[in-house]
Amino acid sequence: MNAKTILVTGGAGYIGSHACVELLQDGFKVVVVDNLSNSKIESLNRVQQITGKKPSFYQTDIRDKQALADIFAKESPTTVIHFAGLKAVGESCDKPQLYYNNNVYGTLVLTDVMMHANVKQLVFSSSATVYGESSCPQYTENFPLGAINPYGRSKAMIEDILRDLSAADRNNQSKYPWKIALLRYFNPIGAHESGLIGEDPNGIPNNLMPYVAQVAIGKLKQLSIFGNDYPTPDGTGIRDYIHVVDLVKGHINAIAALNSESYKCGGCNAYNLGTGKGYSVLEIIDAFQKVTGKPINYKIAPRRSGDLAECFANPELALKELNWKVEKDLHDMVTDTWNWQTKNPQGYI
Ligand code: NAD
Ligand code: WQD
């Protein structure tokens with residue numbers, strides 16, 4: 001059993017709640033800090049139902065420095081997993097101030113509090129959106145960065161800040177240097193196999209999988225496929241969809257790596273978390289129809305601005321340095337999404 005305490009910002013959210021389950025099942029003590037701006041406390045009740053254990057919970061904004069410092073003093077975490085952030089690309093274009101304030105300033109406050117508390121192990125939720133457009137659709141960590149919207153730029157800025165913190169410690173030969181893993185997620189989908197926790201978007205979903213699930217259950221009438229004239233085999237966009245449970249296991253492996261010999265002198269490294277395989281929008285619809293037995297009503301619509309034709313991960317570095325690879329396939333992702341959707345047609349209520 002591992003008695004270490006992990007502080008999870010954004011732990012009531014979609015990915016954070018799945019991470020809480022894995023952490024508790026692995027014997028960690030879990031402290032969640034979430035302002036519930038995009039989640040409901042019910043997700044943590046469900047985490048307790050699955051694991052039989054209760055994470056400590058603070059309804060706190062990570063930008064509230066004093067409150068956060070008090071939590072660190074009380075709970076003495078050894079490591080932080082930082083999920084808290086706003087994530088809607090379209091909204092970030094309308095409200096860039098909100099995104100930079102919440103995501104970038106929030107991370108500045110968090111890292112400041114961490115330094116004062118001498119907690120310098122951090123796993124950060126980055127995104128494949130930090131990459132610039134590339135002629136090669138399979139993205140490797142050393143590809144040039146070049147986010148094209150405020151949300152993506154907020155993630156890229158945070159990555160820069162964290163790399164700079166680590167570099168400063170290296171230059172100063174700090175005795176207790178920052179150890180940071182930047183995890184670049186591709187397209188997380190799916191849900192815990194119990195169907196008790198899953199993705200519960202506010203309003204009409206922006207992302208493909210929750211949209212398809214809501215069409216299948218009859219909440220939404222029709223899916224718009226954003227473009228069928230891309231240079232891909234069936235003309236629709238290709239993405240690297242990854243099961244959320246595989247994704248959160250990558251975080252557990254990252255914590256182990258930060259505690260290992262290879263991070264003895266500190267460091268800040270980026271890792272792709274993806275499967276290495278892409279599926280098109282039509283392939284996702286087909287998989288969904290096969291699993292659910294329900295037809296998905298769709299129409300072809302114009303391309304969505306900012307979308308790439310094809311994007312999937314090269315996950316070799318995560319295998320080599322985090323000893324992580326995915327275990328679940330597209331059938332599992334669709335089955336678990338549908339299980340969550342049918343058991344919780346209105347999300348958490
Ligand atoms: P989510 O919205 O479900 O979870 C984020 C959580 O953070 C929510 O519970 C929200 O209430 C909380 N939060 C936001 N701002 C906060 C603040 N200032 N203080 C305290 N809590 C705050 O999103 P998710 O899908 O679980 O994503 C988690 C992280 O992973 C985010 O940082 C997101 O940008 C990143 N990410 C998500 C995806 C994806 O497709 N879901 C892909 C790549 C990266
Ligand atoms: C997938 C494919 C769409 C909706 C986004 C963010 C990214 C990351 C993950 C946080 C594309 C097509 C979608 C629809 C469609 N989030 N599509 N009709 O755009 O790859 O990534 O979520 O970090 O930052 O940009 O995911 O699920 O929106 O789209 O045809 O109603 O489905 O064009 O090809 P995306 P997505």
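**Close-up views of the two ligand sites and helix α6**

**View 1. Polar contacts of ligand 1.** A polar backbone atom of Gly 13 is 3.3 Å from an oxygen atom of ligand 1. The model shown here is predicted. The backbone of Phe 83 also takes part, with an N or O atom that lies 2.8 Å from an oxygen atom of ligand 1. From Asp 61, a polar side-chain atom lies 3.1 Å from a nitrogen atom of ligand 1. On its own, ligand 1 has 810 Å² of accessible area, and the protein covers 95% of it.

**View 2. The shell around ligand 1.** Ligand 1 is surrounded by 27 residues, and the closest are Asp 34, Asn 38, Ser 39, Lys 87 and Tyr 151. By class, the shell of ligand 1 holds 10 nonpolar, 12 polar and 5 charged residues. At least two shell residues come from each of α1 (14-25), β5 (121-127) and α6 (150-171). Strand β5 gives the most, with 3 residues.

**View 3. Polar contacts of ligand 2.** Three side chains are shown with oxygen atoms of ligand 2. A polar side-chain atom of Tyr 151 lies 2.5 Å from an oxygen atom of the ligand. For Asp 307, a side-chain N or O atom is 2.6 Å from an oxygen atom of ligand 2. Arg 304 places a polar side-chain atom 2.8 Å from an oxygen atom of ligand 2. The protein buries 88% of the 680 Å² that ligand 2 exposes when taken alone.

**View 4. The shell around ligand 2.** In this shell there are 18 residues, and Thr 129, Tyr 151, Ser 224, Arg 239 and Asp 307 are the closest to ligand 2. Tyr 151 is also listed among the closest residues to ligand 1. Strand β9 (residues 223-226) contributes the largest share of the shell around ligand 2, 4 residues. The shell of ligand 2 divides into 8 nonpolar, 7 polar and 3 charged residues.

**View 5. Helix α6 and its packing.** The end C-alpha atoms of α6 are 31 Å apart, which agrees with the 32 Å that its 22 residues should span at 1.5 Å a residue. Buried residues of α6 include Pro 150, Tyr 151, Ser 154, Lys 155, Ile 158, Leu 162, Leu 165 and Asp 169. An α-helix has 3.6 residues a turn, so residues three or four places apart point the same way. The buried residues of α6 pack against the helices α4 (89-94) and α5 (96-117) and the strands β5, β7 (179-185) and β12 (267-273). Gln 173 follows α6 and has a positive phi, near 45°.

Definitions and conventions
Residues numbered from 1 in each chain as written. Chains lettered and ligands numbered in written order. Predicted model: local features only at pLDDT ≥ 70, side-chain atom pairs only at ≥ 80, totals over all residues. Heavy atoms only, no water. Near = heavy atom within 4 Å. Polar contact = N/O pair within 3.5 Å; in protein donor to acceptor, adjacent residues only side chain to side chain. Areas by Shrake-Rupley, 256 points an atom, 1.4 Å probe, with all protein chains shown as cover. Nonpolar A, V, L, I, M, F, W, Y, C, P; charged D, E, K, R; others polar. Expected span 1.5 Å × (residues − 1). Buried < 20%, exposed > 50% of the residue type's maximum accessible area, 1.4 Å probe, protein only. Contact = heavy atoms within 4.5 Å.
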